[in-house]
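Dear colleague,

I am passing on to you a structure that you have not yet worked with, and below it I set out what was found in it. Please keep it open beside this message as you read.

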Amino acid sequence: MKRKEKIAAFLVIEFGLVALCTLPLFLLHAKPASPLMLLISVVFMFLPALTVLIVKRLAHDSGGLFLQLNIRKAWKQYLLAAFIPGVLEGIGVTLYFLAFPAHFDLSFTYAAQLLALNGQTVELRSSAFPLSSALV
């Protein structure tokens, strides 16, 4: 298999496995904080690794799975890989709340609603977040 074919096979198999795993959620009308949702989210974490193993088997690839880390020569790339996702996420969150300031909620009402689905309650004091009254 060529590299492009392996990538295409990876994407097709990965999305197929994701669809297969989410099917029970739709059929059983799973709630966001249900144990089934937690189980499926744990399964999702292993799907990319499982897909790599499946593609390697389909491609009859006899190469090992171990990567040789070359940290001394590629330390800049490792630093970028470690910090750029967080920086991009921060920029995205900032832009989102600048575009939709009404969605900015330091009282965590959505999280409280999710906990209420499981019968749990959380009481947050307004003094816990002193900036919340100034920002809202």
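Against which element do the buried residues of helix 2 pack? They pack against helix 1, and before going further I should say that this is a predicted model. The residues concerned, that is, the buried residues of helix 2, are Ile40, Leu47, Thr51, Val55 and Lys56.

Turning to the nonpolar core, the largest one is made up of eight residues, namely Ala9, Ile13, Leu17, Cys21, Leu25, Ile40, Leu47 and Val55. Helix 1 and helix 2 are the elements that give two or more residues to this core, and the largest share, five residues, comes from helix 1. This may be read beside the general tendency of nonpolar side chains in soluble globular proteins to be buried together. For one member of the core, Ala9, the contacts are Met1 and Val55, if residues up to four places away in sequence are not counted.

Helix 2 deserves a closer look along its length. With 24 residues at 1.5 Å a residue, helix 2 should span 34 Å, and this agrees with its end C-alpha atoms, which are 34 Å apart. Helix 2 nevertheless has a kink of about 40° at Phe46, shortly before the proline Pro48. After helix 2 comes His60, which has a positive phi, near 55°.

The structure also holds two salt bridges. In one of them, Lys6 pairs with Asp61, and the closest N and O atoms are 3.4 Å apart. Because Lys6 lies in helix 1 (residues 3-27) and Asp61 in the loop between helix 2 (35-58) and helix 3 (75-99), this pair ties together parts that are 55 residues apart in sequence. Lys6 is partly exposed, at a relative accessible area of 28%, and Asp61 likewise counts as partly exposed, at 31% relative accessibility.

Asp61 also forms a salt bridge with Lys56, where the closest N and O atoms are 3.0 Å apart. Lys56 has a relative accessibility of 17% and therefore counts as buried, the cut-off for that term being under 20%. Through shared partners, the salt bridges join Lys6, Lys56 and Asp61 into one network.

If you begin with one place, I would suggest Lys56, which is listed among the buried residues of helix 2 and also belongs to the salt-bridge network with Lys6 and Asp61.

With best wishes

How values were computed. Residues are numbered from 1 along each chain as its sequence is written. This is a predicted model: local features need pLDDT of at least 70, side-chain atom pairs count only at pLDDT 80 or more; totals for chains, interfaces and linings use all residues. Side-chain values use heavy atoms; hydrogens and water are left out. A salt bridge is a side-chain nitrogen of Lys or Arg within 4 Å of a carboxyl oxygen of Asp or Glu. Helices (H or I, at least four residues) and strands (E, at least two) are DSSP runs, numbered from the N terminus. Buried means under 20% relative accessible area, exposed over 50%, partly exposed in between (1.4 Å probe, protein chains only). A nonpolar core is a set of buried Ala, Val, Leu, Ile, Met, Phe, Trp, Tyr and Cys residues joined through side-chain atoms within 4.5 Å. Contact means heavy atoms within 4.5 Å. The expected span of a helix is 1.5 Å times one less than its number of residues. The bend at a residue is the angle between axes fitted to the seven residues ending there and the seven starting there.
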